[in-house]
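Please look at the sequence and the three-dimensional structure shown here, and keep both in view while reading the report that follows.

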Amino acid sequence: MIRSENLRSGYIQDDVEEYIYKLLPDRDPVVKEMEDYAEEHDIPIIGPAVARLLALLVQASDAKRIFEMGSAIGYSTVWLARAAGTKGRVFYSDGDPEKAKRAEVYFRMAGVAKRVEVQVGDALGLVRKTSGKFDLIFIDVDKQQYPAALHAALPKLQRGGLLIADNTLWSGKAARPAGEGDKETKGIQEFNRLVYTSKDLYPVLIPLRDGVTVCRKM
Ligand SMILES: C[S@@+](CC[C@H](N)C(=O)[O-])C[C@H]1O[C@@H](n2cnc3c(N)ncnc32)[C@H](O)[C@@H]1O
């Protein structure tokens, strides 16, 4: 069952989307609590279908140093940190200190606090100033910022590393002309254009939930 309306894609047929979610195994109590909290407080999270994709990509690529831009209550962070294992290091970033406080509680409950570094502030500035390069960078900030987030993240990604962005179909609006004032749709469209025309990236846009773009840095 789709637990929360904000997990619906808006472009996948309802019965097909329900089918995808019904296939998913039950989550552990901590992740379930985070899903409940997100639903009750209307906090957008990637949800379990996309979270599994992230976890799979971390494991398949053996990513250990991971930067997340836009982490909210840390739902996606927990999936990334668990997939990266005890040698993993995941940099959480969010502009909202209250969400960061709650995320820290969940990291302790989920047993990943030691491998997560919490940073509060502008994720674009934080990714630039955090030392070293990353094996994987996940972008989930405000959608009008996606082109700028890409510019900030790309120099910080290892060659062969993965850049992943959520919401790249934006309820299907990415496929249609954006309204004059619709900065979010325009931001997503420009991001998609940039990654598909970049000579440094090999992107694939996966129409899972709200669209997930996975790019390998060449
Ligand atoms: C969609 S939510 C992130 C959800 C999270 N990735 C998950 O799936 O659990 C977006 C978050 O990005 C944060 N945000 C938006 N723009 C930001 C920026 N420029 N710097 C830091 N945080 C930002 C918001 O405060 C919000 O909590």
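M109 is found in helix α5, which covers residues 97-110, and this placement belongs to a model that is predicted. With a relative accessible area of 40%, M109 counts as partly exposed, since a residue is called buried under 20% and exposed over 50%. When residues up to four places away in sequence are not counted, M109 touches V30 and E33. The C-alpha atoms of M109 and L163, which are 54 residues apart along the chain, are separated by 28 Å.

A second residue can be described in the same manner. A152 has its place in helix α7, residues 146-153, and its relative accessibility of 2% makes A152 a buried residue. Leaving aside neighbours within four places in sequence, A152 is in contact with L124, V127 and R128. Between the C-alpha atoms of A152 and A72, which are 80 residues apart along the chain, the separation is 19 Å.

The next topic is the aromatic rings. A pair of such rings is described by the distance of the centres and the angle of the planes. The structure holds 7 aromatic pairs, and two of them are set out in the table.

| Pair | Distance of ring centres | Angle of planes | Kind of pair |
|---|---|---|---|
| F67 and F91 | 6.1 Å | 10° | stacked |
| Y75 and W79 | 6.3 Å | 55° | tilted |

Why is the pair of F67 and F91 stacked? The planes of these two rings stand at 10°, and planes under 30 degrees apart count as stacked. This pair links distant parts of the chain, because F67 belongs to strand β1 (residues 65-69) and F91 to strand β2 (residues 89-94), 24 residues apart. Both F67 and F91 are buried. Ring pairs also link F67 and F91 with F134 into a cluster, and the charged end of R89 sits over the ring of F91, 5.8 Å from the centre of that ring.

For Y75 and W79, the planes stand at 55°, so this pair is tilted. Y75 and W79 both lie in helix α4 (residues 75-84), where, being 4 residues apart, they are separated by about one helical turn. An α-helix has 3.6 residues a turn, so residues three or four places apart point the same way. Y75 and W79 are both buried.

Helix α1, which covers residues 14-23, shows how burial can be arranged around a helix. Which residues of helix α1 are buried? They are E17, E18 and Y21. Seen down the axis of α1, the buried residues fall within an arc of 100°, and therefore they line one face of the helix. The face turned away from this buried side carries the exposed residues D15, Y19, K22 and L23. The buried residues of α1 pack against helix α3, residues 47-61.

Finally, there is the open space in the model. The largest pocket contains about 700 Å³ of space. Of the 34 residues that line the largest pocket, those closest to its centre are P44, D140, V141, D142 and K143. Helix α4 and strand β2 each supply at least two residues of this lining. These two elements have already appeared above, as α4 holds the pair of Y75 and W79, while β2 holds F91.

Methods: Residues numbered from 1 in each chain as written. Predicted model: local features only at pLDDT ≥ 70, side-chain atom pairs only at ≥ 80, totals over all residues. Heavy atoms only, no water. Phe/Tyr/Trp six-rings, centres within 6.5 Å; stacked < 30°, edge-to-face > 60°. Buried < 20%, exposed > 50% of the residue type's maximum accessible area, 1.4 Å probe, protein only. Lys NZ or Arg CZ within 6 Å of the ring centre and 35° of its normal. Arc of directions from axis to C-beta. Contact = heavy atoms within 4.5 Å. 1 Å grid on protein atoms, 1.4 Å probe; cavity = no way out; pocket = protein on both sides within 12 Å on 5 of 7 lines; lining within 4 Å. Points joined across faces, edges and corners; volume = space filled by probe spheres on them.
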